[in-house]
Amino acid sequence: QAGIDSGGQRIIQDRGRTRITCSQPVFQGCWDVDIDQSFGGGAGIMYHKKLSIVVFSKNQTFIEFLRAVEPLANCTHDFLPEQTDFSGDLCADADIVILDLPPEETPLTVRESCLRPGARIVLCDRSLDESVDRSGLLEQVDALWIAPLTKDRVGFYFGRLLQEVVQYKELWLHKQILRTLMDSVPDLIWIKDVKGAHLRVNRSFCELVGKTKEQCYNRGHYYI
């Protein structure tokens, strides 16, 4: 068994499996990682993650279409109770925010309400009125779903969105594992690009040269 604390997270290894728990509010959660698959079998990191989804809509059929979409492998959906009116408080801990409301009922501050890095905001556009000004609102969202929002189209849109969110989280998880493992090693570790600039260094390296990781990033040997 081994435990490593680094940057608000903890890695605990026991009998070939690793559990990574992050206490940072924006990434609060837990991943069960199969070490044999990740580092021995070459199948990539295997983990389980719950995605928090909030939907603002007055269309119950549309909500049923969303709920009918199967979760991705190693993931589950956690739909918050449907809301007919926008609430910024509900967006704070959401991984996905779906806005199926008229443009005049959707505030331009929706992005500020989403506190989790990597959170995705979707705007459903059912209006065919080209005179409606959507420019300010479009700057706040990551995707625009165009009507008619049939079951097949919603399934396609939502499936792609889930893949995007999970890929973002998996990339973040890979980075945290790499950083934690590097910092737990007493030897010096550094990674350079072909031009000699340091892309990543570990804690032992920083202690030896007397500089922070930020000071070493993208700098050459002579500066360090």
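**The largest pocket and the open sheet**

Mentor: By class, the lining of the largest pocket in this predicted model has five nonpolar, one polar and five charged residues.

Trainee: Which residue is the polar one in the lining of the largest pocket?

Mentor: The lining consists of R179, M182, D183, L199, R200, V201, N202, K213, E214, C216 and Y217. Asp, Glu, Lys and Arg count as charged, while Met, Leu, Val, Cys and Tyr count as nonpolar, so Asn falls among the others, which are polar. The polar residue of this lining is therefore N202.

Trainee: Which elements each supply at least two residues of that lining, and what is the volume of the pocket?

Mentor: The elements that each supply at least two lining residues are α6 (151-183), β11 (198-201) and α8 (213-216). The pocket that they help to line has a volume of about 210 Å³.

Trainee: Which strands are at the edges of the open sheet of five strands?

Mentor: The strands of this sheet follow the order β6-β5-β7-β8-β9, and their pairing is parallel. An edge strand pairs on one side only, and the strands that do this are β6 (75-79) and β9 (143-146).

Trainee: What is the bridge partner of L123 in β9?

Mentor: Strand β8 covers residues 120-125 and pairs with β9 in the parallel sense over four bridges. Within β9, the partner of L123 is L144.

Trainee: At what angle to β5 does α6 run?

Mentor: Helix α2 (residues 60-67) lies across β5, β6, β7, β8 and β9, and runs at about 165 degrees to β5. Helix α6 also lies across β5, β6, β7, β8 and β9, but its angle to β5 is about 135 degrees.

Conventions
Residues numbered from 1 in each chain as written. Predicted model: local features only at pLDDT ≥ 70, side-chain atom pairs only at ≥ 80, totals over all residues. Heavy atoms only, no water. 1 Å grid on protein atoms, 1.4 Å probe; cavity = no way out; pocket = protein on both sides within 12 Å on 5 of 7 lines; lining within 4 Å. Points joined across faces, edges and corners; volume = space filled by probe spheres on them. Pairing = 2+ DSSP bridges. Contact = heavy atoms within 4.5 Å. Axes fitted to C-alpha atoms, helices over the stretch in contact; angles between N-to-C directions.
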